[in-house]
Amino acid sequence: MSINGNFPIPKTVVLVGLMGAGKTCIGKKMAQAMNLPFVDADAEIEKAAGCSIAEIFEAHGETYFRDRERMVIQRLLEDPVQVLSTGGGAFIDEGTRATILDKGISLWLRADLDILVERTSRRTHRPLLRNGNHREILSGLIDERYPIYAKADITTDSAEGSADITTEQALQGLYDFCKNKTE
Ligand code: S3P
C-alpha cells in the first residue's frame, strides 16, 4: 500500500453504507493498517441481545432494533479510537447519525447497484432482504438513503475488484480529511 495508515486519527472511524458495500471487510483492513481495534456494531447488538438481528426484527420489529442500535453505537463511540463498522440503516436514523457525526469520523462506502446485488445474493441473513427481490429493494434503498449517506465526512467508492485497493482509497480519504482538519 502506498499509504501506510501511520497517521494520527483523532476520533473513531465509522463506516456507513448499504448492505453489501463491504463495510466489515474494508473496516477490518483499515483497522489492521492503522493498528487500531476493529468493532462491528451489528455483532455487538447481537452479543448484547443474545440473539441474531433477524430474530430481533422478528420478535420486536425494526423500531426496537433501531433503539438498540442507537444505544450500542453511542456506547461504542465512548471507547478509545477504533474502527467501527455499522449496519446499513444506522446512519439513516437521525439520532444515531447525530452521534456519529459528533463523536466519529464517518466514511461512506459507496457501491453501485450491481455490486450490492451480487454481494448480498450470497447470504440470506438480512431481514430487509428476505421478502422480495434484492435488486428492487436495494434500488429503492439507494434512492432513499444515498442522499443521507452523502452527509458523511468522507466518501470512498467500493468498486469491483481488490479490497486492498478500496482500503487504500479509504485510507487516503481519511488521511486527507484529518490533514485538512489540522491545517
Ligand atoms: C440493515 C443492515 C444490516 C443490519 C440490519 C438492517 C439496514 O447490516 O443492521 O439487517 O437497514 O440496511 P449490514 O449493512 O451490515 O448488512
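This briefing walks through a parallel sheet, the strand β1 inside it, and some helices that pack around it. The model is predicted, so local features need pLDDT of at least 70 and side-chain atom pairs count only at pLDDT 80 or more, while totals for chains, interfaces and linings use all residues. Residues are numbered from 1 along each chain as its sequence is written, and side-chain values use heavy atoms, with hydrogens and water left out.

**The sheet**

- Five strands, in the order β2-β3-β1-β4-β5, make an open sheet with parallel pairing; strands (E, at least two residues) and helices (H or I, at least four) are DSSP runs numbered from the N terminus, and two strands pair if DSSP finds at least two bridges between them.
- At the edges sit β2 (38-40) and β5 (154-157), each pairing on one side only.
- On average, neighbouring strands of this sheet are turned by 25° against each other, direction ignored; axes are lines fitted to C-alpha atoms, for helices over the stretch in contact, and angles run from 0 to 180 degrees between N-to-C directions.
- Strands of a sheet pair through backbone hydrogen bonds, either parallel or antiparallel.

**Strand β1 and its neighbours**

- β1 covers residues 12-16, and 5 of its 5 residues are buried (under 20% relative accessible area with a 1.4 Å probe, protein chains only; over 50% is exposed, and in between is partly exposed).
- Thr 12, Val 14 and Val 16 point one way from β1, while Val 13 and Leu 15 point the other way.
- In a regular strand the side chains alternate between the two faces of the sheet.
- With β4 (residues 104-110), β1 runs parallel and shares 5 bridges; here Leu 15 stands opposite Leu 107 and Val 13 stands opposite Ile 105.
- With β3 (residues 83-85), β1 pairs in the parallel sense over 3 bridges, and Val 14 stands opposite Leu 84.

**Helices across the sheet**

- Helix α1 (residues 23-34) lies across β1, β2, β3 and β4, at about 160° to β1.
- Helix α8 (residues 163-182) lies across β1, β4 and β5, at about 160° to β5.

**Two helices together**

- Helix α6 (residues 113-120) packs with helix α7 (residues 134-149) at an angle of about 130°, their axes 10 Å apart.
- The two helices α6 and α7 are therefore oblique to each other (angles under 35 degrees count as roughly parallel, over 145 as roughly antiparallel, 65 to 115 as roughly perpendicular and the rest as oblique).
- Contact (heavy atoms within 4.5 Å) involves residues including Leu 116 and Val 117 of α6 and Leu 138 and Ile 142 of α7.
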